[in-house]
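This briefing sets out the fold of one protein chain for readers working at the bench. The sequence and the model are shown first, followed by notes grouped by topic.

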Amino acid sequence: MTAPGQDAGAGHIPRAGQDPAPQAARDPARAWEGFWRDAPPEPGGVFWDAAPERTAARHLPLFADHFTGGLPLLDAGCGNGTQTVFLAGRFRPVLGVDLSPAAIALARRLPGAAAVDFRAADLADADVAARLHAELGDCHVYLRGVLHQCPPEPRRRLAASLAVLLGARGRAFVVEPAAAAKQTLLGLMRRPGGPPARIAAVLGHGIAPMEMADTAVAELCAAAGLSVLAHGSAPLVTTEPGPGGGPVELPSQWLVVGRNG
């Protein structure tokens with residue numbers, strides 16, 4: 001996944017004793033492009049790139065009854081496409097969009113990628129959202145772990161684009177780390193040997209997660225004219241092993257949003 005329009009700002013989780021996210025502050029697109037260009041191509045090499053059976057497959061029962069009408073499905077901030085290809089086995093057509101061309105290049109190499117239309121674009125750009133809606137009509141959107149990597153203004157723009165993409169009939173499944181996830185991340189960063197390699201790779205490209213209140217997603221959606229149709233909590237599974245050997249899981253919250261009318 002890649003955060004559209006991500007840049008540095010107050011409230012991020014910084015590297016201890018280091019300047020937080022200098023590269024992302026200068027050029028967020030360049031920071032994400034550098035990250036995905038250097039990312040390991042093998043499955044599980046990226047912190048959030050857990051296998052679909054631990055991620056999208058667990059999310060599917062939460063939103064499947066809302067994603068009706070045969071609308072296109074758009075995976076927003078699709079990254080290297082792991083979840084997008086899984087979703088393409090359940091919905092058609094499926095479009096994966098990411099800010100980084102390098103991420104899209106990785107996605108297109110996946111087995112099953114031929115079933116997905118992968119494109120590099122910034123969904124926080126209102127013109128991009130308008131063009132996609134003009135092309136595809138109302139869409140359903142899968143948005144996993146993207147908003148928390150954006151400061152307030154890009155978040156607002158992305159929520160506004162989400163409303164454009166959904167139109168009158170579309171629904172979005174939005175899942176983000178809860179505020180409590182900060183302690184889990186800080187615990188990983190404070191390990192005696194330093195941050196795990198998968199986290200160090202993110203921070204090393206000047207990308208840092210931003211703190212976000214648990215009410216923020218619903219508030220962003222409401223400001224964009226969207227209503228919360230369902231909500232709950234479910235862990236976001238990572239690829240980082242925990243003390244017991246299983247993957248580290250971040251507390252998260254999920255919402256299904258759309259227009260009531």
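**A residue in strand 5 and its surroundings**

Phe173 is found in strand 5. The model described here is predicted. Strand 5 spans residues 171-177 and belongs to an open sheet of seven strands. The points below begin with Phe173 and then turn to the sheet, to strand 1 and to the protein as a whole.

**Phe173**

- Phe173 has a relative accessible area of 0%; because buried means under 20%, Phe173 counts as buried.
- Beyond its neighbours within four places in sequence, Phe173 makes contact with His59, Leu62, Phe63 and Phe67.
- Its contacts, on the same terms, also include Val141, Tyr142 and Leu143, as well as Trp254, Leu255 and Val256.
- His140 is separated from Phe173 by 33 residues in sequence, while their C-alpha atoms are 8.1 Å apart in space.

**The sheet**

- Seven strands make up the open sheet, in the order 3-2-1-4-5-9-6, and their pairing is mixed.
- Strand 3 (116-120) and strand 6 (227-233) form the edges; each has a single partner strand, so one side of each lacks a neighbour in the sheet.
- On average, neighbouring strands of this sheet are turned by 15° against each other, direction ignored.
- Strands of a sheet pair through backbone hydrogen bonds, in either the parallel or the antiparallel sense.
- Strand 5 and strand 9 (residues 252-258) are paired in the antiparallel sense, and seven bridges connect them.
- Within this pair, Glu176 has Gln253 of strand 9 as its bridge partner.
- Helix 10 (residues 216-223) lies across strand 5, strand 6 and strand 9, and runs at about 15° to strand 9.

**Strand 1 and its two partners**

- In a regular strand, side chains alternate between the two faces of the sheet.
- Strand 1 (residues 73-76) is covered on both faces: Leu73 and Asp75 are buried on one side, and Leu74 and Ala76 are buried on the other.
- Strand 1 runs parallel to strand 2 (residues 94-98), and four bridges join the two.
- Opposite Asp75, in strand 2, stands Gly96.
- Between strand 1 and strand 2 the chain passes through helix 4 (residues 82-88), and this β-α-β crossover is right-handed.
- Strand 1 also runs parallel to strand 4 (residues 140-144), to which four bridges join it.
- Leu74 has Val141 of strand 4 standing opposite.

**A cis peptide bond**

- The peptide bond between Arg92 and Pro93 is cis, with an omega of about -10°.
- Pro93 lies in the loop between helix 4 and strand 2.

**The protein as a whole**

- The secondary structure comprises ten helices and nine strands.
- The radius of gyration is 17 Å, close to the 18 Å given by the globule rule for 261 residues, so the protein is as compact as a globular protein of that length.
- The C-alpha trace spans about 50 × 40 × 35 Å along its principal axes.
- Of the 261 residues, 54% are buried.
- Of the contacts between residues at least 6 apart in sequence, 74% join residues at least 24 apart.
- The accessible surface amounts to about 10,700 Å², and carbon and sulfur atoms account for 55% of this surface.

Notes
Residues are numbered from 1 along each chain as its sequence is written. This is a predicted model: local features need pLDDT of at least 70, side-chain atom pairs count only at pLDDT 80 or more; totals for chains, interfaces and linings use all residues. Side-chain values use heavy atoms; hydrogens and water are left out. Two strands pair if DSSP finds at least two bridges between them. Axes are lines fitted to C-alpha atoms, for helices over the stretch in contact, and angles run from 0 to 180 degrees between N-to-C directions. Contact means heavy atoms within 4.5 Å. Buried means under 20% relative accessible area, exposed over 50%, partly exposed in between (1.4 Å probe, protein chains only). A crossover is right-handed if, with the strands pointing away from the viewer, the path from the first strand over the helix to the second runs clockwise. The radius of gyration is taken over C-alpha atoms; the globule rule is 2.2 Å times the number of residues to the power 0.38. Accessible areas come from the Shrake-Rupley method with a 1.4 Å probe; for residues, only the protein chains shown count as cover.
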